[in-house]
Amino acid sequence: MRLINANKVSEIIKDALIKINYELDNSLVTMLKKAKDKERSTLSKSILDDILQNQEIAKSRKAPLCQDTGVAVIFVEHGLDVRIDGNLYEAINTGVRLAYDEGYLRKSVVKHPFNRENTKDNTPAIIHTKLVEGDKVTFKIASKGAGSENMSKVVMLTPADGIDGVKKLVLDTVFDAGGKPCPPIIVGIGIGGNFEKSAMLAKEAILRDLEDSSDDPLIRSLENELLAEINALGVGPMGVGGETTCLAVKINTFPMHIASLPVAINIQCHSARHLEVVL
Ligand code: SF4
C-alpha cells in the first residue's frame with residue numbers, strides 16, 4: 001500500500017489555489033485572444049482586451065485575477081491502493097486556510113445561511129471523494145466565484161422534453177443570466193442521474209479540459225450546437241452585446257430513472273480557475 005503524507009496534500013492544495021487565483025490557464029487565454037480578434041464591436045473587443053490585460057497584470061504582480069476568489073471546490077479520486085497518513089479532509093482544509101492567508105485571497109465563506117458570520121479562513125472547502133483503481137490520488141482543485149454560481153440551476157425535465165427541452169432550458173438560462181456571470185462563460189451541463197447527481201455532473205463538466213469534447217457523438221454534437229446557439233444570443237462579453245458569450249459547452253451524462261430527465265447547468269465565468277494535481 002502506497003502512503004502519502006498528509007502535509008503533502010495540504011501543500012499541493014495551497015500551491016494550486018494560489019496559482020489558479022493568479023494565473024489563467026494558457027488555453028483559456030488563447031481562446032480569449034481569438035475571441036477578441038473575432039469581435040466586430042469596439043466595445044466588446046475592448047472588454048476582452050481588458051480581461052486579457054487583467055490576467056497579464058495578475059500573473060506578473062502575483063495578485064488575484066478577481067476580487068471574488070471563490071469557494072474552494074475539490075474533487076478527490078482516491079486510488080484503492082494508496083493511503084493518506086492522516087485525515088484527508090483536514091489536510092485539504094489546512095491547504096485552503098494557508099492559501100487564502102498567504103496568497104492574500106479574499107475569504108468568502110460564511111458559517112451560517114442567516115447570521116452570515118465569516119469563517120475567516122475560507123474553510124470549509126467543498127470536497128467530493130470517489131474511490132478508483134490504482135495507487136494515485138487525483139485532486140481537481142477549483143476556486144468558484146459566486147457571480148456565475150448564482151446563475152446556475154437544476155431542473156427536473158421529463159423524458160418527453162427530450163433534446164429540444166434541454167436546449168431551450170440551457171439557452172433560456174444563459175440568456176436570463178445576461179452579464180451577471182461575467183461572460184464569456186463556460187457552460188457545464190449535467191444530464192441524467194437524479195437531482196443531486198446531475199449537479200455533480202455539471203460541476204465536473206466545467207473542470208474538463210477546455211479543448212476536449214464528449215466521446216459520445218450525440219452529446220458532442222449537442223455541445224457544438226449549444227455553443228453556436230448560445231453565441232448567437234448576442235449577450236456578449238460582460239453582457240454588452242457581441243459574438244462571444246460562451247467559450248465552451250461541456251456536457252457530462254449518467255444513466256437515470258425511466259421517468260426522469262434531470263438537467264443541471266453550472267455556469268463558469270471567464271475567470272475559470274482550476275487545476276488537476278496527481279499524487
Ligand atoms: S463571476 Fe467570476 S469574474 Fe465575475 S466577479 Fe465572480 S469570480 Fe469574478
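Author: Buried means under 20% relative accessible area, exposed means over 50%, and partly exposed lies in between. The model discussed here is predicted.

Reader: Is C182 buried, partly exposed or exposed, and what is its relative accessible area?

Author: Buried needs a value under 20%, and exposed needs one over 50%. C182 falls in between, so it counts as partly exposed; its relative accessible area is 27%.

Reader: How many disulfides does a search of the whole structure find?

Author: A disulfide is a covalent bond between the sulfur atoms of two cysteines. A pair of cysteine sulfur atoms must lie within 2.5 Å to count. The search covers the whole structure, and the number of disulfides found is 0.

Reader: Which cysteine sulfur is nearest to that of C246?

Author: C246 is in no disulfide. The nearest cysteine sulfur is 12 Å away, and it belongs to C269.

Reader: Is C246 buried or exposed, and what is its relative accessible area?

Author: The cut-off for buried is under 20%. C246 meets it, so it is buried; its relative accessible area is 3%.

Reader: How many residues of strand 7 are buried?

Author: Strand 7 spans residues 185-193. It is largely enclosed by the rest of the structure, because its buried residues number 9 of the 9.

Reader: In which sense do strand 7 and strand 8 pair, and what is the bridge partner of I191 in strand 8?

Author: Strand 8 covers residues 246-256. The two strands pair over 9 bridges, in the parallel sense. In strand 8, I191 has as its bridge partner T253.

Reader: How many bridges join strand 7 to strand 9, and what is the bridge partner of G188 in strand 9?

Author: Strand 9 covers residues 261-268 and runs antiparallel to strand 7. The bridges joining them number 6. In strand 9, the bridge partner of G188 is N266.

Reader: What arc do the buried residues of helix 3 cover around the axis?

Author: Helix 3 runs over residues 42-61. Its buried residues are S44, I47, L48, I51, L52, Q55 and A58. They lie on the same side of helix 3, because they cover an arc of only 135 degrees.

Reader: Which residues are exposed on the other side of helix 3, and which helices do its buried residues pack against?

Author: On the other side of helix 3, the exposed residues are T42, S60 and R61. The buried residues pack against helix 1 (6-22) and helix 2 (26-38).

Reader: Which residue follows helix 3, and what is its phi?

Author: The residue after helix 3 is K62. Its phi is positive, near 50 degrees.

Terms used. Residues are numbered from 1 along each chain as its sequence is written. This is a predicted model: local features need pLDDT of at least 70, side-chain atom pairs count only at pLDDT 80 or more; totals for chains, interfaces and linings use all residues. Side-chain values use heavy atoms; hydrogens and water are left out. Buried means under 20% relative accessible area, exposed over 50%, partly exposed in between (1.4 Å probe, protein chains only). Helices (H or I, at least four residues) and strands (E, at least two) are DSSP runs, numbered from the N terminus. Two strands pair if DSSP finds at least two bridges between them. The expected span of a helix is 1.5 Å times one less than its number of residues. The arc is that of the directions from the helix axis to the C-beta atoms. Contact means heavy atoms within 4.5 Å.
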